[in-house]
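Reader: Could you take me through this model, with the reasoning set out for each answer?

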Amino acid sequence: MGLPAGANLEILSPAEMAEADRLAIAAGPLDGYGLMQRAGEAVAAVVLARYPAASRVHVLCGPGNNGGDGYVVARVLAEAGVSVAVWAEGEPRAGSDAAIALARCRLERRPLEAFIAEPGSLVVDALYGAGLSRALSGDAARAVEIAAGLSVVAVDLPSGVSGESGEILGTAFCAAATVTFARKKPGHLLLPGREHCGEVMLADIGIRNEVIEQVAARTFENEPELWLSNFPTPAVDTHKYKRGHVSVFSGGPSATGAARLSALAAARSGAGAVTVLSPANAMQVNAAHLTSIMLRKADTVEDVQEVIGDRRPSAFVLGPGFGIGDKARDFALAVLARKRQDGGVEGLVLDADGITSFRNTVSTLSEAAGRPDAPALIITPHEGEFGRLFPDILGDKKLSKLAKARAAAARANAVIVYKGADTVIAAPDSRAAINANGAPWLATAGSGDVLSGISAALLAQGMQAFESACAAVWIHAEAGRRFGPGLTAEDLPLALVAVLRELVEARQKVPIG
Ligand SMILES: NC(=O)C1=CN([C@@H]2O[C@H](COP(=O)(O)OP(=O)(O)OC[C@H]3O[C@@H](n4cnc5c(N)ncnc54)[C@H](O)[C@@H]3O)[C@@H](O)[C@H]2O)[C@@H](O)CC1
Ligand SMILES: [K+]
């Protein structure tokens, strides 16, 4: 729908979108009603294109500008010869854009409390959008129930979905398609909102790119376009250590598989060399299962220092199967105490037991990671682990998942990968990305170990921490999604190959710079 390349990855909060609306109106040439007109026309065009045979369309209009969009939709559809019924809740404020839209829509208006819809008819939900401020109740909640068996096209957001957080306030429409304007909002991607939106379509309503740039979006949808220009591709004259060396810490003799899985994922993801660092008593079991991946003993902090001195690993994974306790903390802090400069350590991916080990000492971790020239820290918690490090942030009901990840990243001086079906990646500089290409097949034991290995491999190859975390999350999800049913974590490293091949090919087409 005519938006510039890359714009579709920017996400604006409802407040940022309102600011962009204000700036656009101030800059002209469209006034508020002009934008509303374009918004309503875009929704009507989707209805006509997707439901050309709809016998009847019910347009539900609320009292604010979302309802104003609805009055435009109703008028445009009626002018196109569609049989339209308008059901209204509340009156637009006198002098508002919505009042202008209502005045120009000469169709009969019936109260929402009388709403009924025949089977096979279509519902356009223009009750509440960005201005939703409390739970749906009364007639609006009843309308959700009536619409449950019908196709719904939502204007901006399905009413009841918070654009800010994706939470459901009371109840919410389940749309087949949602037409939103200028940029997506967090509620289109965060769960459970995403599931209520159906297909999300972006419409250009005439808000210029330069206007939106003034809002300076810090949130993005996690798609390759976000990081592809930084994606590593090996130079022709490379050698294995130039491609980055990843070291993965192994747990004891009965918990070695997780580290090997992570190591294999790192090797597949382009690290030129990978070493499993094993306690002495687990060397044999590790050796029995490793071929191209190297193995070295590391029982003490001195052993870790020696590995770093001799073998110069550029990124580490600590946590999968490692065991919780002092040793995990000491090893993580030993890695973070190194320098990044002059071929030092690029970063540490802290996962699983590595995270839990810092349960009561997260400030030690954030101090170590916040030191100038410290290696980058990526922490990859699922919700339970997130709560162990940041119980107050997790428990803050005012914060969305996006805001929680951001707050944690700022506090920990780390890139936070807050995992789930709507993984959020947040950086300490307040950039954040929401990932939406996941699949339920990825919820399988060991899947997270693979994710850590991919992140470390990309870090080791010189990708920045936020970009490598975003890329790892997307690649991991894409591999799992394509593999589909029957996926085990062991399948993931091989499933990465096709995804990586496409990315490397696409990367080679991106102009350098
Ligand atoms: N110029 C602009 O700002 C544009 C705005 N647009 C549309 O405007 C919408 C935002 O408009 P508004 O800010 O007026 O917000 P809404 O139209 O989403 O809702 C605001 C009104 O609903 C009431 N309300 C909120 N939640 C309620 C609930 N659960 N039950 C009952 N009443 C409730 C509020 O008190 C307020 O009167 C966007 O979603 C978009 O559809 C588009 O027309 C494009 C241009
Ligand atoms: K709506």
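**Strands, helices and the ligand shell**

Author: In this predicted model, V123 stands opposite V152 in β6.

Reader: In which sense do strand β5 and strand β6 pair, and over how many bridges?

Author: The two strands in question are β5, residues 122-126, and β6, residues 151-155. They belong to an open sheet of seven strands in the order β4-β3-β2-β5-β6-β7-β8, with β4 and β8 as the edge strands, each pairing on one side only. The pairing of β5 with β6 is in the parallel sense, over four bridges.

Reader: Which strands does α3 touch as it packs on the sheet?

Author: Neighbouring strands of this sheet are turned by 25° against each other on average, direction ignored. The direction of α3 makes about 155° with that of β2, and the strands that α3 touches are β2, β3, β5 and β6.

Reader: Are α2 and α4 oblique or parallel to each other?

Author: The axes of helix α2 (residues 32-50) and helix α4 (residues 97-104) come within 9 Å and cross at roughly 55°, and the crossing is right-handed. Where they meet, G32, Y33 and M36 in α2 face D97, I100 and A101 in α4. An angle from 35 to 65 degrees is neither roughly parallel nor roughly perpendicular, and α2 and α4 are therefore oblique.

Reader: Which element gives the largest share of the shell around ligand 1?

Author: Ligand 1 is surrounded by 27 residues, of which the closest are G64, N65, N66, G129 and G131. The elements that give two or more residues to this shell are α2 and α3. The largest share, five residues, comes from α3.

Key:
Residues numbered from 1 in each chain as written. Chains lettered and ligands numbered in written order. Predicted model: local features only at pLDDT ≥ 70, side-chain atom pairs only at ≥ 80, totals over all residues. Axes fitted to C-alpha atoms, helices over the stretch in contact; angles between N-to-C directions. Parallel < 35°, antiparallel > 145°, perpendicular 65-115°, else oblique. Left-handed = near helix turned anticlockwise from the far one by under 90°. Contact = placed C-beta atoms within 7 Å. Near = placed C-beta within 6 Å. Pairing = 2+ DSSP bridges.
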